[in-house]
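Student: I should like a close look at one part of this structure, set in the context of the whole chain. Please take the overall arrangement as the starting point.

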Amino acid sequence: MLLMSQTWRDIVWCHWSAEGLLRQVIGWREFVWCLYWTQGPAYKELNALNATRPLPPLFTSGSTTMNCVSHVLEDVDTFGWTHHIPRLMVLGNLGLIAGINPRALMDWMSERFVDAAEWVMAPNVIGMALYGDGGVMATKPYAAGGAYIGKMSDFCKDCVFDRKARTGPQACPFTTLYWDFLDRHHDQLRSNHRMARQVAASTKLSDIQEVRIRAREVLSHLDEGAL
Ligand code: SF4
């Protein structure tokens, strides 16, 4: 393990590409290990975006019409594991843009994953996936809509939702919630230079009112276990 001095850690955490730099220079595991042991137990309770939604029923039932989420939950149920990317960009991303409480999602992942050591789970779920630490672990929230999931996987072609649509009954919940997330957290995220362009784009949407309405429907369905 490479231990970093406080000064060096501060420098690299302020760097615009700190995550990428650290992966290359000291390794991701070492970064996560150092972060966990330097932040202390209170780190698990951080909730910078004030996300208060309880864990939606689909996380326990495994039943959802979202094809990407359904497949990832099936993997978790079968193997107690799924790769880092679906963890982050499907399950974590859903938690982030739906405003699920970070500690609730971390506890669920800790119960379900065979590799769920606390020093791994706390930084990766609270910090990287849910942005609960407000930018200590990651330099931006890893929020994405259906376009990203469609680009990185083949889930969307067999899904009932349209990854390109953000309003209407067929709109991909990820796409709707992505734009709603940027809108909801506009004031908090607009000064983040890695998010500024996306936040600015959200202010130019001509259908933002419809997005907000559809987002309320999606979140309501999510809470009721009807999504
Ligand atoms: S369309 Fe949306 S919900 Fe369906 S698989 Fe793609 S990203 Fe997931």
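Which pattern does the protein chain follow when read along the sequence, and how does helix 5 fit into that arrangement?

Tutor: The model is a predicted one. Read along the sequence, its protein chain follows the pattern α-α-α-α-α-α-α-α-α-α-α-α-α, that is, 13 helices and zero strands. Of the 227 residues, 39% count as buried. Among contacts with a separation of 6 or more, 66% join residues 24 or more positions apart.

Helix 5 comprises residues 67–79. Its 13 residues reach 18 Å from the first C-alpha to the last, close to the 18 Å expected at 1.5 Å a residue. Within helix 5, the buried residues are Cys68, Val69, Val72, Leu73 and Val76. They lie on the same side of the helix because the arc they cover around the axis is only 120°. The general background is that an α-helix has 3.6 residues a turn, so residues three or four places apart point the same way. On the other side of helix 5, Glu74, Asp77, Thr78 and Phe79 are exposed. The cover over the buried residues includes helix 4 (58–61), helix 6 (84–98), helix 7 (102–112) and helix 9 (146–152). After helix 5 comes Gly80, with a positive phi near 65°.

One of the buried residues of helix 5, Cys68, also belongs to the surroundings of the ligand. Of the 14 residues around the ligand, Cys68, Gly146, Cys156, Cys159 and Cys172 come nearest. Helix 5, helix 9 and helix 10 (173–184) are the elements that give two or more residues to this shell, and helix 9 provides the largest share, three residues. By character, the shell divides into 10 nonpolar residues, three polar and one charged.

Helix 5 can also be placed relative to the nonpolar interior. The largest nonpolar core has 58 residues, and those with the most contacts inside it are Ile97, Val125 and Tyr178. Helix 5 is among the elements that each supply at least two residues of this core, together with helix 3 (28–39), helix 4, helix 6, helix 7, helix 8 (118–129), helix 10 and helix 13 (208–224). The largest share, seven residues, comes from helix 6, which is also part of the cover over the buried residues of helix 5. Beyond its neighbours within four places in sequence, Val125 is in contact with Gly92, Pro102, Leu105, Met106, Met109 and Leu130.

Definitions and conventions. Residues are numbered from 1 along each chain as its sequence is written. This is a predicted model: local features need pLDDT of at least 70, side-chain atom pairs count only at pLDDT 80 or more; totals for chains, interfaces and linings use all residues. Helices (H or I, at least four residues) and strands (E, at least two) are DSSP runs, numbered from the N terminus. The expected span of a helix is 1.5 Å times one less than its number of residues. A residue is buried if 20 or more other C-beta atoms lie within 10 Å of its own, exposed if 12 or fewer, and partly exposed in between; C-beta atoms are placed from the backbone. The arc is that of the directions from the helix axis to the C-beta atoms. Two residues are in contact if their C-beta atoms, placed from the backbone, lie within 7 Å. A residue is near a molecule or strand if its C-beta atom, placed from the backbone, lies within 6 Å of it. Ala, Val, Leu, Ile, Met, Phe, Trp, Tyr, Cys and Pro count as nonpolar, Asp, Glu, Lys and Arg as charged, and the others, Gly among them, as polar. A nonpolar core is a set of buried Ala, Val, Leu, Ile, Met, Phe, Trp, Tyr and Cys residues joined through C-beta atoms within 7 Å.
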